[in-house]
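I opened a fresh page today to look up how this chain packs together. My plan is to go from one helix contact outwards, noting each thing as I find it.

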Amino acid sequence: MSTATIKHDTALDELGKFFTIAARQIDAGQTAPQMFSAAIDSAWHTLVADPAAHDAFALKHAGRKLAHVEMQGFGPISWVAAYEEAYGPLPEVWFTDADGTVNTAALAQYRETGTVTAEWDCGPVGGGDGDDVVPEKSTR
């Protein structure tokens, strides 16, 4: 298996966790989480190109269809604590660009402070059929 395949698989695994967190936040009436990782967003864009696969992935991880929408901003990433509670610390892929380069300064800041401040340009919104499906339990 190539390094590129492993990185894509890791990004998809993290996208699944992100979808689970997104569903929890949407259900709680909170703002949808911000997608700040270019590597994970790149995997998301690949998945969006196959609508049936994207819907199946979203139903599996979020219990509903989720759309990929533009939502730009900069600031603290609001969902990090929820992610850490469910899965532990954010892995390096969250600080990786689409070409595979890790932003070591952002990763170091996160590891030192436990917070992430970043720019984002997209996120999920819920909707469509499947809203009553419960996402699979997380496994660390």
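**Entry 1: a helix pair.** Before I list any partners, I fix my term: contact means heavy atoms within 4.5 Å. I also remind myself that this is a predicted model. With that cut-off, I looked up where α2 and α3 touch: Trp44, Leu47 and Val48 of α2 meet Pro51, Ala53, His54 and Phe57 of α3. I sorted the residues of this contact by character and got six nonpolar, one polar and no charged.

Next I wanted the geometry. Two packed helices are described by the angle between their axes and the distance between the axes. For α2 and α3, I noted an angle of about 120 degrees and axes 7 Å apart. The two helices are therefore oblique to each other.

**Entry 2: the overall layout.** I stepped back to count elements and found five helices and two strands in the protein. Along the sequence they follow the pattern α-α-α-β-α-α-β. Of the 140 residues, 38% count as buried. I then asked how contacts are spread along the chain: of those between residues at least 6 apart in sequence, 79% join residues at least 24 apart.

**Entry 3: the core.** In soluble globular proteins, nonpolar side chains tend to be buried together. Here I looked up the largest nonpolar core, which has 34 residues. Which members touch the most other members? They are Leu15, Phe19, Phe36, Trp79, Leu90, Trp94 and Val116. The elements giving two or more residues to this core are α1 (3–27), α2 (38–48), α3 (51–62), α4 (80–87), α5 (104–113) and β2 (117–127). The largest share, seven residues, comes from α1.

I picked Phe19 for a closer look. Leaving out residues up to four places away in sequence, Phe19 touches Trp44, His54, Phe57, Ala58, His61, Ala62 and Leu66. Trp44, His54 and Phe57 were already in my notes, as part of the contact of α2 with α3.

**Entry 4: aromatic rings.** I counted 13 aromatic pairs. A pair of aromatic rings is described by the distance of the centres and the angle of the planes. Phe18 and Trp79 form an edge-to-face pair, 5.4 Å centre to centre with 70 degrees between the planes. Phe18 lies in helix α1 and Trp79 in the loop between β1 and α4, so this pair ties together parts that are 61 residues apart in sequence. Phe18 is buried, at 0% relative accessible area, and Trp79 is buried at 0% too.

Trp79 also pairs with Phe36; that pair is tilted, 6.0 Å centre to centre with 35 degrees between the planes. Phe36 lies in the loop between α1 and α2, so the pair with Trp79 joins parts 43 residues apart in sequence. Phe36 counts as buried, at 12% relative accessibility.

I then traced one aromatic cluster: Phe18, Phe19, Phe36, Trp44, Phe57, Trp79, Tyr83, Tyr87, Trp94, Phe95 and Tyr110.

**Entry 5: a glutamine in a loop.** Is Gln34 buried or exposed? Gln34 sits in the loop between α1 and α2, and it is buried, with a relative accessible area of 7%. I listed its contacts beyond four places in sequence: Phe18, Pro76, Ile77, Ser78, Trp79, Trp120 and Cys122. Among them are Phe18 and Trp79, the edge-to-face pair from the entry above. I also checked Gln34 against Ala118: their C-alpha atoms are 9.3 Å apart, although 84 residues separate them along the chain.

**Entry 6: two last spot checks.** Gly63 lies in the loop between α3 and β1 (65–76). Gly63 counts as buried, at 0% relative accessibility. From Gly63 to Gly126 I read 9.7 Å, C-alpha to C-alpha, for a gap of 63 residues in sequence.

Asp9 was my other stop, in helix α1. Asp9 is partly exposed, with a relative accessible area of 33%. The C-alpha atoms of Asp9 and Ala43 are 8.6 Å apart, with their places 34 residues apart in sequence.

Methods
Residues numbered from 1 in each chain as written. Predicted model: local features only at pLDDT ≥ 70, side-chain atom pairs only at ≥ 80, totals over all residues. Heavy atoms only, no water. Core = buried A, V, L, I, M, F, W, Y, C linked by side-chain atoms within 4.5 Å. Buried < 20%, exposed > 50% of the residue type's maximum accessible area, 1.4 Å probe, protein only. Helix = DSSP H or I, 4+ residues; strand = E, 2+ residues; numbered from the N terminus. Axes fitted to C-alpha atoms, helices over the stretch in contact; angles between N-to-C directions. Parallel < 35°, antiparallel > 145°, perpendicular 65-115°, else oblique. Nonpolar A, V, L, I, M, F, W, Y, C, P; charged D, E, K, R; others polar. Phe/Tyr/Trp six-rings, centres within 6.5 Å; stacked < 30°, edge-to-face > 60°.
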